[in-house]
Amino acid sequence: MIPIGAPDKTSWETRLMTPKVLFAASAMASLLLALPASAGQLTIGFSQIGSESGWRAAETSVSKQEAAKRQVNLKIADAQQKQENQIKAIRSFIAQNVDAIFLAPVVSTGWDSVLKEAKEAKIPVVLLDRDIDPSGKDLYLTAVTSDSVHEGEVAGEWLAKTVGSKACNIVELQGTVGASVAANRKKGFDTAIAKHANLKLVRSQTGDFTRAKGKEVMESFIKAEGGGKSICAVYAHNDDMMVGAIQAMKEAGLKPGKEILTVSIDAVPDIFKAMAAGEANATVELTPNMAGPALDAIAAFKDKGTVPPKWIQTESKLYTAADDPQKIYDSKKGLGY
Amino acid sequence: MTALLPRRGLAQILALIVILAVDRVVSPQFFDLRLQDGRLFGSLIDVLNRGTPVALLSLGMVLVIATRGIDLSVGAVMAICGAIAASLADGHGLPVVLAATLGAGLVCGLWNGFLVAVLGMQPIVATLILMVAGRGIAQLITEGRIVTFSSPDLVWLGNGSVLGLPVPIVIALGMLILTGAVVRGSALGLLIEATGGNARASELAGVGTRAMILAVYVWCGVCAALAGVIAAADIMGADANNAGLWLELDAILAVVIGGTSLFGGRFSLVLAVLGALIIQTMNTGILLSGYPPEFNLLVKAVVVLAVLLLQSPKFSGLAGIAARLRRTKA
């Protein structure tokens with residue numbers, strides 16, 4: 001007979017001991033949970049927000065790939081953009097006594113009680129892509145997120161380097177007014193270009209992160225700036241707006257990527273298509289691979305007890321036309337963007 | 001009828017002129033026009049071109065509102081039809097794409113009309129169902145991605161030109177003439193107004209009110225479908241999450257600015273389209289002005305309030321009293 005209290009004892013704490021104990025404990029856990037998994041395999045529950053955007057879909061597929069690479073059994077629960085579904089999913093992961101829980105929180109507040117339950121069950125929680133309210137800092141192991149201020153800086157620095165000492169009028173397509181990502185990407189870019197007196201932000205409007213609005217706003221920028229002749233570069237807070245802006249420039253008889261430099265953020269497949277066609281210059285990646293670093297952190301934590309830092313920052317990689325955009329497009333287009 | 005139009009539309013025409021004048025002040029090149037690759041190019045063309053989706057929506061919406069109804073689902077129908085168009089575009093010819101999308105819009109309109117006319121649901125609730133479900137359907141069609149296409153025929157619908165005018169403008173103009181010819185060239189418009197004015201009295205007088213209501217929702221669906229195809233053709237892709245988002249509200253606003261009452265009855269197609277142009281002239285002006293985007297919605301709200309006050313009989317009554325008081329004092 002297995003004692004009733006066994007699930008708690010066989011959780012992650014016990015497994016920090018010798019390999020033999022670890023083997024026995026996980027074998028017992030596997031028995032208890034009747035998992036088809038082998039003894040050493042980790043089982044991780046991932047509460048994903050839902051399919052709110054193409055990036056989100058790509059994150060889900062990359063998470064599956066990364067888990068498969070490390071032979072981790074990843075159980076994904078789709079919350080359909082509802083916090084109550086995420087809380088339900090986390091409770092069910094706790095009941096299944098998984099080894100760790102990944103959470104991509106749909107909102108930043110209201111997680112305290114369910115994360116306390118996870119903590120009491122000694123199941124480490126890793127936040128993916130988004131942070132939660134600071135009051136809950138001790139309730140999760142680490143957060144794997146991108147620094148959106150840094151993304152803006154990378155974009156600004158690329159532009160400064162590319163332009164050199166020439167005078168350059170920049171127009172900016174902002175994300176949705178009030179979105180923290182938009183505010184941060186603006187802040188980072190502003191900081192980067194503030195160091196260069198020759199770079200001047202002449203116009204800035206919101207394109208709501210969409211292609212249609214990006215195109216409409218760019219059309220008005222072109223009219224307002226003498227047919228676009230005085231615009232030297234466009235900075236967009238996401239690639240979708242840039243794709244719209246590129247169309248607007250082409251329709252106005254301008255040559256984006258040549259006469260007007262473009263730099264945007266996200267690295268979605270379609271911007272690589274534009275780059276391959278010579279119509280876009282650079283993009284800063286918001287990597288969909290948040291699960292990879294999270295899985296590595298959990299593995300290190302389980303094996304050696306290494307406590308990761310509270311924040312694992314993902315790389316904001318810059319891609320330009322020199323990076324074989326066609327190849328990247330081919331590799332990214334299947335991810336569900 | 002035509003003699004009545006100027007007097008009825010005076011407030012709207014005045015509002016449009018004032019907003020155009022303000023646009024000219026914030027952007028000196030506002031009225032500049034030139035040819036670019038055989039296509040007219042300038043802010044005025046942008047206003048007409050960008051105003052097309054809402055103008056098309058308002059053409060359907062004004063008829064629905066005239067029957068004392070409302071259609072909240074038009075934005076979602078746009079998303080559905082855009083998604084269908086983008087999915088079919090690269091494998092099929094334009095006739096197939098248009099038939100499928102307009103057919104889908106027709107079915108959506110039939111669904112709304114069935115709920116309102118046959119089951120007797122309140123229009124705001126009945127169309128709310130498709131407003132919510134429709135976006136989901138569109139997302140299912142696109143699998144949550146932005147579906148892009150390169151079919152030159154469909155792209156032409158969004159970016160091509162006829163005699164220098166962008167195709168969307170020509171389509172909207174064509175739809176205005178067609179709708180006007182059908183409802184004003186026959187007694188149909190009158191029957192629609194009668195249905196909205198007093199459905200029971202009209203029914204007793206022999207008007208087929210159910211058929212009227214069904215017909216206006218179907219037409220509204222078809223107009224929304226066309227708007228959806230144009231929106232997709234414009235960006236060469238279907239964005240199920242954002243296509244037509246909140247445009248139902250702009251369309252209702254356009255109808256109201258055009259002087260048609262939400263309580264049904266008399267309506268004007270031309271003024272509804274003018275309402276859509278007023279909204280777009282303002283939007284384009286805001287974009288050209290260079291003000292921080294945080295002001296966009298505030299400016300829009302103030303202008304809409306001003307336009308509606310201009311039309312309000314009570315308000316002009318108050319203004320008249322104030323003027324008389326001043327005169328008597330002097």
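## A walk through a two-chain model

Start by selecting chain B: for its 330 residues a compact globule would have a radius of gyration near 20 Å, and chain B has 20 Å, so the two agree. Keep in mind that what you're looking at is a predicted model. Still on chain B, turn on a bounding box along the principal axes if your viewer has one; the C-alpha atoms fill roughly 75 × 60 × 35 Å. Switch to cartoon view and you can count 14 helices and six strands in chain B.

Now colour by confidence. Chain B averages a pLDDT of 93, and 98% of the residues score at least 70. Then pick residues 1–5 of chain B, where pLDDT stays under 50. For that stretch, the model has one contact beyond four places in sequence. As for the complex, the predictor gives an ipTM of 0.91 and a pTM of 0.87.

**Where the chains meet**

Show both chains together. The contact draws 27 residues from chain A and 27 residues from chain B. To find chain A's share, select helix 3 (54–69), strand 7 (199–206), helix 8 (211–224) and helix 9 (239–251), the elements that each give two or more residues to the side touching chain B. Which of these gives the most? Click on helix 8 of chain A: it supplies nine residues. Colour this side of chain A by class and you get seven nonpolar, twelve polar and eight charged residues.

**Two domains in chain A**

Hide chain B and give the domains of chain A separate colours. Domain 1 is 6–145 + 288–306, and domain 2 is 148–286 + 320–335. Six residues of domain 1 are in contact with four residues of domain 2. On the domain 1 side of that contact, four residues are nonpolar, two are polar and none is charged.

**A parallel sheet**

Next, pick out the open sheet of chain A with six strands in the order 2-1-3-4-5-11, paired in parallel. Go to its edges, strand 2 (73–78) and strand 11 (311–313) of chain A: each has a single partner strand, so one side of each is left without a neighbour in the sheet. Neighbouring strands here are turned by 20° against each other on average, direction ignored.

Zoom in on strand 1 (residues 43–48) of chain A, which runs parallel to strand 2 and is joined to strand 2 by six bridges. Label A:F46 and look across to strand 2, where A:I76 is the bridge partner. Bring back helix 3 of chain A, and you'll see this helix lying across strand 1 and strand 2, at about 165° to strand 2.

**A mixed sheet**

Move on to the other open sheet of chain A listed here, with six strands ordered 7-6-8-9-10-12 and mixed pairing. Which strands stand at the edges? They are strand 7 and strand 12 (318–320) of chain A, and each has a single partner strand, so one side of each lacks a neighbour in the sheet. From one strand to the next, the twist averages 20°.

Select strand 9 (residues 261–266) and strand 10 (residues 282–285) of chain A, which pair in the parallel sense over four bridges. A good pair to label is A:V263 and A:A282, as A:V263 stands opposite A:A282 in strand 10.

Finish with helix 9 of chain A, which packs on this sheet and touches strand 6 (168–174), strand 8 (233–236), strand 9 and strand 10. The direction of helix 9 makes about 150° with that of strand 9 of chain A. You met helix 9 earlier, among the elements on the side of chain A that touches chain B.

Note on methods:
Residues numbered from 1 in each chain as written. Chains lettered and ligands numbered in written order. Predicted model: local features only at pLDDT ≥ 70, side-chain atom pairs only at ≥ 80, totals over all residues. Domains from an automatic or database assignment. Contact = placed C-beta atoms within 7 Å. Nonpolar A, V, L, I, M, F, W, Y, C, P; charged D, E, K, R; others polar. pLDDT = per-residue confidence, 0-100. Pairing = 2+ DSSP bridges. Axes fitted to C-alpha atoms, helices over the stretch in contact; angles between N-to-C directions. Rg over C-alpha atoms; globule rule 2.2 N^0.38 Å.
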